[in-house]
Amino acid sequence: MIEDTRSINTTATLLLLAGCAFVLAPLVFVVITATQSYGDFLRNNFSLVPGTHFFENLQQVWELTLLPRQTFNSFVVAFVSAFGRCFLAFTTAYAVVFFAPRYSIFIYAAVLASIMLPLDLMVIPAYQVAANVAMPINAVANLGGAWETLFGAPLDLQLNLLNTYAGAAIPLMAQGTGTLIMVQYFKTLPVDLAKAATLDGASPLRFMVDILLPLSKGPLLSLFIYLFIGGWVAYMWPLVSISSPDMQTAVVGLTALDSGMGEDEIPNFPLQMAGAIMVTAIPLVLIALTQRLIVRGLVLSEK
Amino acid sequence: MTALAHAAGIHLVDLQKTYSKTPVIPGLTADLASGEFTVILGPSGCGKSTLLNMIAGLEKVSGGKIMIGSREVQDIPPKDRGLAMVFQNYALYPHMSVADNIGYALKVAGVPKDERTSRIQAAANVVNLGDYLDRRPSELSGGQRQRVAIARAIVREPQVLLFDEPLSNLDAKLRHDMRMELSSLHRRIGATSVFVTHDQVEAMTLADRILILNHGRIQQFDTPNNIYHKPANTFVAGFIGSPPMNLVEAQASNGAVSVGGVRLAATETSGDVTVGIRPEHIKVTESGIPVHVAYREDLGSHSTMVVEMENGQTLRLATQLGEPIRGGEWVHITIPEDKLHFFDAATGDALRSD
């Protein structure tokens with residue numbers, strides 16, 4: 001805002017406060033409910049009076065549910081998918097910006113397609129492929145019965161990735177936002193940098209590792225955090241691709257917390273809310289720990 | 001540092017560069033002597049940076065040969081050509097210390113650590129940065145960064161040093177200081193140097209010889225003195241000198257050359273010619289050709305004026321010290337006959353009587 005008058009400032013502040021209240025109210029509700037015991041909850045229903053059973057509830061979550069194991073699963077899936085996406089973004093952007101191949105237009109098209117067609121839209125084909133990674137190979141080999149004529153039987157390779165970390169994480173990598181971000185960042189670097197490294201005798205790979213990677217620390221780290229959280233809260237794909245509860249991720253596991261009891265019972269909401277807090281805490285801690293690194297990384301990459 | 005005793009000459013033989021069928025350099029042949037400081041000078045878009053990048057190996061050659069010493073190098077990778085380059089925007093690695101910047105090439109080449117340290121120190125001392133080795137480039141001034149870039153180039157003990165407009169990012173005063181420094185550096189290390197610029201002052205002061213390029217063709221390749229006093233054509237004549245040389249369409253007949261009826265000088269040629277007169281050679285005198293002062297700029301050490309002859313022909317002239325002449329006044333000028341340059345009116349090439 002260019003104008004700086006008191007009435008505008010006051011209005012803006014009030015609007016922001018109202019927005020904060022709107023956003024934070026459910027969170028307050030979650031935290032308060034998590035502090036009540038199941039007994040209190042059954043007696044009073046939802047209430048805004050904090051109870052004293054928060055740590056008890058957490059202990060219950062820890063000891064009685066699969067959430068700790070599922071939180072670990074989430075960590076693995078989110079880490080692997082975020083790392084993979086950063087790696088792909090970095091290397092693809094490097095190729096596009098520094099080598100400008102003639103087919104870079106096709107890379108852009110693929111990147112855009114992956115953004116416009118998210119995994120959630122392709123759940124069924126993605127599930128089929130995850131159920132048998134070799135399926136596309138089989139399909140190509142058996143085109144027009146080619147394989148059968150040559151070898152007597154159709155090709156039928158099998159590699160099932162359902163219920164594995166790889167099956168949960170790898171399809172999450174197929175999304176190109178990170179590539180666009182890294183392309184934009186690389187374009188801000190001085191072009192002579194690559195020339196200087198070439199004259200210094202550095203191979204393209206060496207330039208990437210020695211020069212480009214250290215310079216990209218800030219953007220890569222921010223991207224990683226962003227994608228890690230994306231992987232952490234992914235719901236649809238883990239729900240579809242993982243069926244065994246002890247391989248499931250925490251966000252999906254949370255919804256299963258109410259199914260432990262009989263049909264007619266009122267769900268243990270305090271327990272669920274405590275679980276929700278536990279599951280949310282990990283990305284929060286991650287941001288808190290790396291916040292300064294991210295900011296410093298962005299400042300260091302001075303032009 | 002005597003390591004550059006093995007400086008080598010550069011021979012360009014019918015060197016060509018074509019970008020998607022548009023010839024940028026249609027075929028260029030030149031010999032740059034060993035240890036010589038050559039400045040490639042030209043307006044932007046004349047192909048000078050392309051030429052330098054081809055010598056460096058950063059751009060592919062479309063045709064012809066590049067020889068460094070007796071080696072043909074156009075097909076070998078940049079790092080094996082025995083050359084180093086200093087870039088316009090320094091191109092230092094921002095995340096490395098000065099020492100690591102200087103020593104990166106040695107590290108890549110696998111030079112042992114002890115030797116590396118001593119060579120880095122030696123190169124840093126040459127550019128007076130011995131005390132700054134632990135700093136980051138962001139903690140240095142523009143001039144210091146450029147010196148790091150120079151140290152990074154000389155640490156590899158190259159046969160040839162290439163400079164791509166290295167001074168154009170510096171402010172005027174620093175540019176002057178760096179010019180002196182580069183000049184003395186060149187005298188000390190004696191590498192064959194190729195320096196690309198569009199700044200004629202840099203060219204005149206630094207060069208042993210200046211290669212003037214326009215549209216990818218050599219206009220003149222000569223010493224600064226000859227470039228100034230014996231321009232090969234109207235392009236060179238108009239490009240070098242500030243304010244630039246007056247180029248006047250004139251007619252030569254009956255042993256004299258004249259502009260719109262006003263006799264300028266005696267000549268043996270006849271027909272249409274272009275006459276070149278340097279602004280600083282025109283004198284304001286008691287009598288002579290009457291002119292009207294149309295515009296005047298006082299620069300302290302000298303003044304420049306635009307004057308108009310009675311027939312409408314305008315001329316630029318520079319007077320040594322601020323003479324008491326006001327704009328709008330009528331004065332007389334004299335043009336010394338022996339300082340005139342004659343060019344073919346059609347081709348622009350210099351007409352030489354000698």
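Visitor: Of the contacts in chain B with a separation of 6 or more, what percentage comes from residues 24 or more positions apart?
Guide: Keep in mind that this is a predicted model. Here a contact means heavy atoms within 4.5 Å. Counting the contacts in chain B with a separation of 6 or more, the share from residues 24 or more positions apart is 66%.

Visitor: How many helices and strands does chain B have?
Guide: Let's set the scene with the box around the C-alpha atoms of chain B, roughly 75 × 45 × 35 Å along the principal axes. The secondary structure of this chain comes to eight helices and 20 strands.

Visitor: What percentage of the residues in chain B is buried?
Guide: A residue counts as buried under 20% relative accessible area. Chain B has 354 residues, and the buried part of them is 50%.

Visitor: Which residue's side chain has a polar contact with the side chain of Glu59(B)?
Guide: Glu59(B) sits in the loop between α1 (48–56) and β4 (63–68) of chain B. Beyond its neighbours within four places in sequence, its contacts include Lys17(B), Thr50(B) and Asn53(B). The side-chain polar contact, at 2.2 Å, is with Tyr19(B).

Visitor: Now for chain A: is Ala89(A) buried or exposed?
Guide: Ala89(A) belongs to helix α4, residues 67–99 of chain A. Outside its neighbours within four places in sequence, Ala89(A) touches Gly178(A), Thr179(A), Met182(A) and Leu223(A). Its relative accessibility is 1%, so Ala89(A) counts as buried.

Notes. Residues are numbered from 1 along each chain as its sequence is written. Chains are lettered from A and ligands numbered from 1 in the order in which they are written. This is a predicted model: local features need pLDDT of at least 70, side-chain atom pairs count only at pLDDT 80 or more; totals for chains, interfaces and linings use all residues. Side-chain values use heavy atoms; hydrogens and water are left out. Helices (H or I, at least four residues) and strands (E, at least two) are DSSP runs, numbered from the N terminus. Buried means under 20% relative accessible area, exposed over 50%, partly exposed in between (1.4 Å probe, protein chains only). A polar contact is a pair of N or O atoms within 3.5 Å; within protein, one must be able to donate a hydrogen and the other to accept it, and residues adjacent in sequence count only if both atoms are side-chain atoms.
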